[in-house]
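Let's take a walk through this structure, starting with some odd spots in the backbone and ending at the ligand. Keep the model open alongside as you read.

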Amino acid sequence: MVVGERNALVIGAGIGGLAAAIGLRQAGWSVSVLERAPVIAEVGAGLTLWPNAVKALAALGLDVTDRSVPTISRGNIRTPRGRWVRRNHPEDVGVLAIHRADLHDVLRKALPESALHTDTEVTAVSTDGTVTCAGEELRADLVVAADGVNSVTRRTLWSGDAVFQHRTVWRGVTPSGSVWPVQESLTMGRGEQVGVLPLPGERVYWFLTANEPRPNILYADDRAEVLRRIGSWHGPIPELVSATPEDQVLHNDMLDIDPVPTFVKDRVVLLGDAAHAMTPDLGQGACQALEDAVVLAANADDLARYDRERRARVHPMMAAARASIARNSDTNAFRHFALLTAARLVSPAAWRKATAQWADWDAPRIATQA
Ligand SMILES: Cc1cc2nc3c(=O)[nH]c(=O)nc-3n(C[C@H](O)[C@H](O)[C@H](O)COP(=O)(O)OP(=O)(O)OC[C@H]3O[C@@H](n4cnc5c(N)ncnc54)[C@H](O)[C@@H]3O)c2cc1C
């Protein structure tokens, strides 16, 4: 790999790392992305992109409208027996549902193959811009640590391991046309929530979030475990789970991190989950990684500004995500009833206002260089 003037090394080819590489290249930097996996690809299931993420993508010159569908996300709420608590209209919120692999593909294709280095695990990073991988030392003017919630960069140069939030999540995507059409919804049980989101190509993304006493509990058959928990919930939930191939049901513990006091140390910046991993309760983790990428590209010569602006934006969101965990994990029948009643009474306009603090954001301009 070539490391020359104004060069950046990006650690991690997830959504955050790829977006950062695109933005920095646009701003005139020479960029190499170092990814430990043998191939650059995203497994995962679906993802919601809020208007702020769509604006961030536009600032990077990207458009995902033909690979996504408008969704109501969390605005259509049902009970496990299927009663509608409230229904919204897509235009109230302007959220897109996309398959992770599709978003990842759009990002990857915006970069030249020569910028992507797979099978390259970073083992050490110094604040002077030295990065060690495969026994080789590389030097860069800027190191972007986009290495995820368990970031080796954060754990060594900062501190703080990921925090298990006593929650776990199963996810899947149905094969095209297997259960179709379906109506998007969020079904709220006591301590358990099921999301149903149609995706392009007559596929459906579903997820189940639930309480879990300790991390790393493995289930012999994840699909059977999901059906054991929610097989009696309203249709089409059991049908969606049953239609998903058993080996494609994903199971992960929900992790986040405590807020870090700075995202920048000399030449090294944290970005995406490495900087501010949140549980998916607000559906903003990837959206914020995309925002980070644009703000970094616009301020790569003023890292203090990146640090200031991004912490001011994401730290309140991290607190809100933790408050959401407390609500979503609560199994108390009275408080659950109160939660559903409040959801029923909130008007679409009030809900729009409540989400606006996260969804409303304007992308800074990236000064492009030839
Ligand atoms: C169940 C679930 C649902 C979610 N839903 C949403 C949603 O609807 N909307 C939303 O906006 N967000 C959502 N999120 C959050 C979102 O997935 C993350 O915030 C986002 O993927 C973070 O991207 P990232 O690039 O920062 O990190 P990652 O995607 O974790 O990428 C990190 C990359 O770094 C690589 N890497 C790690 N260590 C090294 C190393 N030492 N050397 C080289 N490479 C390394 C990894 O292999 C990986 O490719 C959800 C998360 C979960 C768990």
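Helices and strands here are DSSP runs, numbered from the N terminus; a helix needs at least four residues (H or I) and a strand at least two (E). With that in hand, P181 is easy to place: look in the loop between β13 and β14 (185–188). One thing to keep in mind is that this is a predicted model.

**Backbone oddities**

Why bother with the loops at all? Most peptide bonds are trans, and most residues other than glycine have a negative phi. The bond joining W180 and P181 goes the other way: it's cis, with omega at about -5°. A second cis bond runs from G235 to P236, where omega is near 5°. You'll find P236 in the loop between α6 (222–230) and α7 (237–243). Then there's N216, which isn't a glycine yet has a positive phi, near 65°. That residue sits in the loop between β16 (203–211) and α6.

**Two helices that cross**

Next, turn to helix α2 (residues 51–59) and helix α9 (residues 285–298), whose axes come within 9 Å and cross at roughly 35°. Their crossing is left-handed. On the α2 side the contact is made by N52, A53, A56, L57 and A59, and they meet C287, Q288, L290, E291 and V294 of α9. Sort the residues of this contact by class and you get seven nonpolar, two polar and one charged.

**Around the ligand**

Helix α9 turns up again here: along with α1 (15–26), β3 (46–49) and β13 (163–173), it supplies at least two residues of the shell around the ligand. Which of the 30 residues around the ligand come nearest? They are G16, E35, T48, R100 and D273. As for character, the shell has 12 nonpolar, 11 polar and seven charged residues.

Here are three polar pairings between protein and ligand:

| Residue | Protein atom | Ligand atom | Distance |
|---|---|---|---|
| E35 | polar side-chain atom | oxygen | 2.6 Å |
| R36 | polar backbone atom | nitrogen | 3.2 Å |
| C287 | backbone N or O atom | oxygen | 3.0 Å |

How much of the ligand does the protein cover? On its own the ligand has 1000 Å² of accessible area, and the protein covers 85% of that. Notice that C287 plays a part in both stories: it meets α2 in the helix contact, and its backbone lies 3.0 Å from a ligand oxygen.

Conventions: Residues numbered from 1 in each chain as written. Predicted model: local features only at pLDDT ≥ 70, side-chain atom pairs only at ≥ 80, totals over all residues. Heavy atoms only, no water. Axes fitted to C-alpha atoms, helices over the stretch in contact; angles between N-to-C directions. Left-handed = near helix turned anticlockwise from the far one by under 90°. Contact = heavy atoms within 4.5 Å. Nonpolar A, V, L, I, M, F, W, Y, C, P; charged D, E, K, R; others polar. Near = heavy atom within 4 Å. Polar contact = N/O pair within 3.5 Å; in protein donor to acceptor, adjacent residues only side chain to side chain. Areas by Shrake-Rupley, 256 points an atom, 1.4 Å probe, with all protein chains shown as cover.
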